[in-house]
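Student: Can you go through this model with me? I'd like to start broad and then look at single residues.

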Amino acid sequence: MIVNESVPCTFADSFLVKVSNDSNHSYEKILRPKMSQSNLNFSNFFWDQKENKIRNRMNTILKAIVVHKCINIPAPNKQELEVLSRSLRVCLFDGVSVIGNVHTIRAHIVGRDDRTWVFEDSYKALVSLFDFSEFFLIANAVP
């Protein structure tokens, strides 16, 4: 970690920024059908004849989450650092490793209070999905 006096001591290097760039922790890895070795059927889905539905073979945790605001975020020294963006990264963590997708949400400040971060909760002002505060946390094959 690079120590800089203008950064609050409560800030740390982001572990999740490295993990979020790994395709194993994306929505695509969890939701995309995978072909079996023979390429004749899917290895992660099967047809349930009783219910007439496609079913997932793996254990799944799926939660819809909405983030409204974060308060009392330590502010950096504005005279020495320029804040380019504010982001919140969220994941399922079992105490040892990340077990699902990593989701990044862009935060905004209200007025001059940079200790309170708010998140966009309506579709009308969206520029990208990183701006939206509602997301899914998904994990397959949970130990």
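Tutor: The overall make-up comes first, then the strands, the cores and a few residues.

Student: What kind of model is it, and what is its mean pLDDT?

Tutor: This is a predicted model. The mean pLDDT of the protein is 75, and 73% of its residues reach 70 or more.

Student: Which elements have the lowest and the highest mean pLDDT?

Tutor: Helix α2, residues 27-31, has the lowest mean among the elements, at 66, and β4 has the highest, at 90. Where pLDDT is low, the predicted coordinates should not be read in detail.

Student: How many helices and strands are there, and in what order do they run?

Tutor: There are two helices and eight strands. From the N terminus on, the order is α-α-β-β-β-β-β-β-β-β.

Student: How much of the protein is buried?

Tutor: Of the 143 residues, 26% are buried. The accessible surface comes to about 10,600 Å², and carbon and sulfur atoms account for 55% of that area.

Student: And the contacts, what share of them join residues at least 24 apart?

Tutor: Counting contacts between residues at least 6 apart in sequence, 58% join residues at least 24 apart.

Student: On to the strands. What is the strand order in the open sheet?

Tutor: Four strands make up that sheet, ordered β4-β7-β6-β5, with antiparallel pairing. The edges are β4 (69-70) and β5 (86-93), each of which pairs on one side only.

Student: How many bridges join β5 to β6?

Tutor: Seven, and the two strands run antiparallel. One of the bridge pairs is Phe 93 with Val 98 in β6. The two strands form a hairpin with four residues between them, and Gly 95 in its turn has a positive phi of about 100°.

Student: What about β6 and β7, how many bridges there?

Tutor: Three, again in the antiparallel sense, with β6 covering residues 98-110. Ile 109 has Trp 117 in β7 as its bridge partner.

Student: Where does Thr 116 sit, and is it buried or exposed?

Tutor: Thr 116 is in β7, which spans residues 113-118. Thr 116 counts as buried because its relative accessibility is 15%, under the 20% cut-off.

Student: What does its side chain pair with?

Tutor: The side chain of Thr 116 makes a polar contact of 2.8 Å with the side chain of Asp 113. Leaving out residues up to four places away in sequence, Thr 116 touches Lys 69, Cys 70, Ile 71, His 108, Ile 109 and Val 110.

Student: Different topic: which residues form the largest nonpolar core?

Tutor: That core has 10 residues: Val 67, Cys 70, Ile 73, Val 90, Ile 105, Ala 107, Trp 117, Phe 119, Phe 135 and Leu 137. Strands β6 and β8 (134-140) each supply at least two residues of this core. A second, separate core has five residues, including Leu 16, Val 19, Cys 91 and Val 102.

Student: Take Val 67. What does it touch?

Tutor: Not counting residues up to four places away in sequence, Val 67 touches Leu 88, Ile 105, Phe 119, Ser 133 and Phe 135.

Student: Back to the start of the strands. How do β1 and β2 pair?

Tutor: Strand β1, residues 45-48, and strand β2, residues 53-56, are antiparallel over four bridges. Phe 46 lies in β1, and its bridge partner in β2 is Arg 55. Phe 46 is also 6.5 Å from Asn 56, C-alpha to C-alpha, with their positions 10 residues apart in sequence counted as the separation.

Student: How accessible is Phe 46?

Tutor: Phe 46 counts as partly exposed, because its relative accessibility is 33%, in between the 20% and 50% cut-offs.

Student: What is in the turn of that hairpin?

Tutor: Four residues separate β1 and β2, and Asn 52 in the turn has a positive phi of about 60°. Asn 52 is a residue other than glycine, and it is exposed, with a relative accessible area of 55%.

Student: And Asn 72, where is it, and what is its phi?

Tutor: Asn 72 is in the loop between β4 and β5. Its phi is positive, about 60°, although Asn 72 is not a glycine. At 54% relative accessibility, Asn 72 counts as exposed.

Conventions: Residues numbered from 1 in each chain as written. Predicted model: local features only at pLDDT ≥ 70, side-chain atom pairs only at ≥ 80, totals over all residues. Heavy atoms only, no water. Buried < 20%, exposed > 50% of the residue type's maximum accessible area, 1.4 Å probe, protein only. Polar contact = N/O pair within 3.5 Å; in protein donor to acceptor, adjacent residues only side chain to side chain. Contact = heavy atoms within 4.5 Å. Pairing = 2+ DSSP bridges. Core = buried A, V, L, I, M, F, W, Y, C linked by side-chain atoms within 4.5 Å. Areas by Shrake-Rupley, 256 points an atom, 1.4 Å probe, with all protein chains shown as cover. pLDDT = per-residue confidence, 0-100.
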